[in-house]
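Please open the model in your viewer and keep the selection tool at hand. The tour proceeds from the whole chain to individual residues.

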Amino acid sequence: MVDFRYHLVSLISVFIALALGVVLGAGPLQAPIASGLTSQVEQLREAQSKTTEEIEISRADVAKRNEWIHSMTEQILPGTLDGRHVAILTFDETRGEDIEAIRDYIETAGGVVNQRITLEPGWYESDLSQFRTSLSGPIAGHLTNQQGEDASAAAILSHALLEVITTTSDNSALLREMLSDPENPLVTYSQDATTSEAIVIIGAPAPTTDTSEMPAEPQETPADESAAIDKNMLSQLASVMALAPSSAVVVGETSFDNGLVTIVRADNIQVTTIDSVGTAMANASVVLALPTAKAERRSFGYAGTADSPLPPLPQNKE
C-alpha cells in the first residue's frame with residue numbers, strides 16, 4: 001500500500017506549486033504575461049477588422065457584378081422568348097429567390113411562367129422506390145406515349161409528368177391527379193392545369209456552402225444523404241423533359257455528388273445544363289439558353305464539367 005506520508009508530501013507539493021504560481025503571476029511574470037495577452041488580442045482584432053473589410057469589399061463587388069448582369073439582360077433578353085409558355089419545376093430545397101429571379105428574367109424576355117410544380121421527396125427518395133414502381137403500372141396504361149414493357153418506373157413517371165405539363169386532355173387530367181395523390185404525392189402544383197412549351201428545372205444550392213466560393217469538383221455527400229436519393233429518377237426526369245416542344249434547361253449544383261447537375265452530367269443526359277445555381281450569372285444563363293435548347297447535351301457554367309461559361313447570345317434583330 002502507498003504510505004500516508006506519500007499522500008501528504010504530494011498535497012504539500014501541489015499547494016507549494018499553486019502558491020509559487022500565484023506569487024509569480026502577481027509579481028515578476030505579471031507584466032510579460034499581460035503584455036503577451038494584450039498583443040495577441042490586438043493581433044486578433046486587426047485580423048478580424050481586415051477580414052470584415054475584405055468581406056464588405058467582396059459583397060460590394062458581387063452587388064456591382066449582379067447590377068451589371070441585370071442591366072445586360074434588360075438589353076439583350078427582350079423579345080427572345082416572345083409568347084413562350086414556361087413551366088418551372090423545383091424541389092423543396094430550391095430557394096425562393098432563385099425561382100423569382102429566373103421568373104423575372106423569363107418575363108423580361110417576353111415569356112410567361114404559367115406552371116409551377118414542386119417535385120416532392122416521393123419523386124426521388126430511395127425509400128419510396130417500391131411505391132413508385134407500384135404506381136408506375138397503372139400510370140403506364142394511361143400514357144399517350146406508350147412505353148415498352150421493360151420501361152423503368154423513372155421513365156414512366158417522367159413521361160406522365162411531361163404529358164401533364166405539355167397537354168390538356170382527360171388523360172393528362174387523370175395523370176395529374178395520380179401524380180399528386182394527397183396521401184403520397186410525387187408532385188404538387190402551384191397553378192391550375194394548362195400547357196407549356198418549355199421547361200426549367202431548378203435544383204438547390206450546395207448545403208451550407210457559400211455560393212460565391214463553390215468548389216470546382218464535386219464533394220462527397222454524407223452516406224445517409226447519398227442513400228436517400230434515387231439518382232435515376234432525376235436523370236430520367238431531365239432526359240424526358242428535354243422532349244418538350246421547346247425542350248428544357250436544368251440549372252443546379254455540381255459542388256456535391258447529389259447535386260442535380262452533377263447527376264445529369266454524369267449520366268450524359270441529352271439536355272442543356274447550367275451549374276452554379278443561385279448566382280446571377282446562372283439565373284441569366286437559364287433564359288439565354290432557352291431559345292436554342294433542344295434534346296442535346298450542352299453544359300454551361302464554371303464547373304470543371306461545363307463546356308462553356310455562357311450560352312449563345314441572342315442574334316441582333318433587324
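The stops below cover the overall fold, a strand pair, the nonpolar cores, a cation over a ring and two serines.

**The whole protein.** Begin with everything displayed, bearing in mind that this is a predicted model. Colouring by secondary structure shows 11 helices and 7 strands. Of the 318 residues in the protein, 41% are buried. The exposed surface amounts to about 17,000 Å², with carbon and sulfur atoms supplying 55% of it. Among contacts with a separation of 6 or more, 74% are between residues 24 or more positions apart.

**Strands β1 and β2.** Select residues 85–91, which form strand β1. This strand is mostly covered, as 6 of its 7 residues are buried. Add residues 112–119 to the selection to bring in strand β2, which runs parallel to β1 and is joined to it by 7 bridges. For one point of registry, pick Ala87 and find its bridge partner in β2, Gln115.

**The largest nonpolar core.** Next, display the side chains of Leu89, Trp123, Ile139, Leu161, Leu179, Ile199 and Met241; of the 43 residues in the largest nonpolar core, these touch the most other members. Highlight residues 153–166 as well: this is helix α6, which gives the most to the core, with 8 residues. Apart from this core lies another, of 28 residues, including Ile99, Ala109, Ile274 and Leu288.

**Around Trp123.** Which residues are in contact with Trp123, leaving aside its neighbours within four places in sequence? Centre the view on Trp123 to find Arg132, Leu157, Ser158, Leu161, Leu179, Leu186, Val187, Met233, Leu234 and Leu237.

**Rings and a charge.** Select Arg176 and Tyr189 together. The charged end of Arg176 sits over the ring of Tyr189, 3.9 Å from the ring centre. As for aromatic pairs, a search of the whole structure finds 1.

**Two serines with positive phi.** Most residues other than glycine have a negative phi. Go to Ser247, in the loop between α9 (231–241) and β5 (248–251). Its phi is positive, at about 65°, although the residue is not a glycine. Is Ser247 buried or exposed? Its relative accessible area is 1%, so Ser247 is buried.

Finish at Ser276, which is located in the loop between β6 (272–274) and α11 (280–289). Ser276 likewise has a positive phi of about 65° without being a glycine. Ser276 counts as buried because its relative accessibility is 13%, and the cut-off for buried is under 20%.

Terms used:
Residues numbered from 1 in each chain as written. Predicted model: local features only at pLDDT ≥ 70, side-chain atom pairs only at ≥ 80, totals over all residues. Heavy atoms only, no water. Phe/Tyr/Trp six-rings, centres within 6.5 Å; stacked < 30°, edge-to-face > 60°. Lys NZ or Arg CZ within 6 Å of the ring centre and 35° of its normal. Core = buried A, V, L, I, M, F, W, Y, C linked by side-chain atoms within 4.5 Å. Buried < 20%, exposed > 50% of the residue type's maximum accessible area, 1.4 Å probe, protein only. Helix = DSSP H or I, 4+ residues; strand = E, 2+ residues; numbered from the N terminus. Contact = heavy atoms within 4.5 Å. Areas by Shrake-Rupley, 256 points an atom, 1.4 Å probe, with all protein chains shown as cover. Pairing = 2+ DSSP bridges.
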